[in-house]
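Hi everyone, thanks for having me. Let's put the structure on the screen and walk through it together.

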Amino acid sequence: MLVRRKQVLRPSRDGAVPEAPDDDLSAAAARRYEALGRVMAVLSGEVDFIESCRDLTWWRGYDSWHLEWRDGPFASEVAALLREHLEEPGLVTAAAPGNDSCAVLEVMGVRVELRAIDPMGRARVRQRPGSFWRLAEALDTTRRTNTRHPWETLLGG
């Protein structure tokens with residue numbers, strides 16, 4: 001019976017640990033998460049953006065991040081906002097020409113794909129503040145509604 005030895009990553013004699021390419025603890029993964037953190041820090045500081053988006057989701061692709069939202073500003077407006085706030089030289093570059101629904105940026109060398117579903121644009125959002133869905137209203141627990149809150153269901157209330 002032929003037995004093959006399994007190859008195992010072992011530290012070298014000088015103590016350096018070889019870097020695995022798909023490891024979340026690698027330097028490349030740290031750069032990816034730092035890029036996402038910078039993008040989310042800019043977006044969280046923009047009240048108009050946060051309150052005008054109905055659903056904001058993000059997920060990791062292969063060496064990229066995907067951000068998607070419903071309603072709210074155009075993708076090109078968000079791309080311009082990110083380029084404006086992340087102004088260190090070479091930190092943000094446009095990877096592809098953007099339009100109202102899609103834009104692609106490179107943040108710290110990490111691809112960030114922005115996608116707006118049914119966007120309204122910042123100007124239209126600012127014109128109609130009363131008739132537009134607001135995140136603050138959805139999170140207001142002091143106002144009673146005719147539907148049960150999720151914690152009431154869980155607690156049997």
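I'll start with the sheet, then add the helices, and finish with the core. Please keep in mind that this is a predicted model.

So, how many strands form the sheet, and in what order? There are five, and the order is β1-β2-β5-β4-β3. The sheet is open, with mixed pairing. At its edges you'll find β1, residues 53–61, and β3, residues 92–96, each of which pairs on one side only. Going from one strand to the next, the twist averages 25 degrees.

Let's zoom in on one pair. β1 and β2, which covers residues 64–71, run antiparallel and are joined by seven bridges. If you look for L56, you'll see W69 of β2 standing opposite.

Now the helices. Helix α1, residues 27–44, packs on the sheet and touches β1, β2, β4 and β5. The direction of α1 makes about 25 degrees with that of β2. Helix α3, residues 75–85, lies across β2, β3, β4 and β5, and runs at about 20 degrees to β4.

Last stop, the core. In soluble globular proteins, nonpolar side chains tend to be buried together. Here the largest nonpolar core has 27 residues. L43, L67, W69, L82, V107 and L114 have the most contacts inside that core. Which element gives the most to this core? That's α1, with six residues. The elements giving two or more residues are α1, β2, α3, β4 and β5.

To finish, find V107 on your screen: among the residues V107 touches are A35, V39, L91 and V112. Thanks for listening!

Notes. Residues numbered from 1 in each chain as written. Predicted model: local features only at pLDDT ≥ 70, side-chain atom pairs only at ≥ 80, totals over all residues. Heavy atoms only, no water. Pairing = 2+ DSSP bridges. Helix = DSSP H or I, 4+ residues; strand = E, 2+ residues; numbered from the N terminus. Axes fitted to C-alpha atoms, helices over the stretch in contact; angles between N-to-C directions. Contact = heavy atoms within 4.5 Å. Core = buried A, V, L, I, M, F, W, Y, C linked by side-chain atoms within 4.5 Å. Buried < 20%, exposed > 50% of the residue type's maximum accessible area, 1.4 Å probe, protein only. Lists of a residue's contacts leave out its neighbours within four places in sequence.
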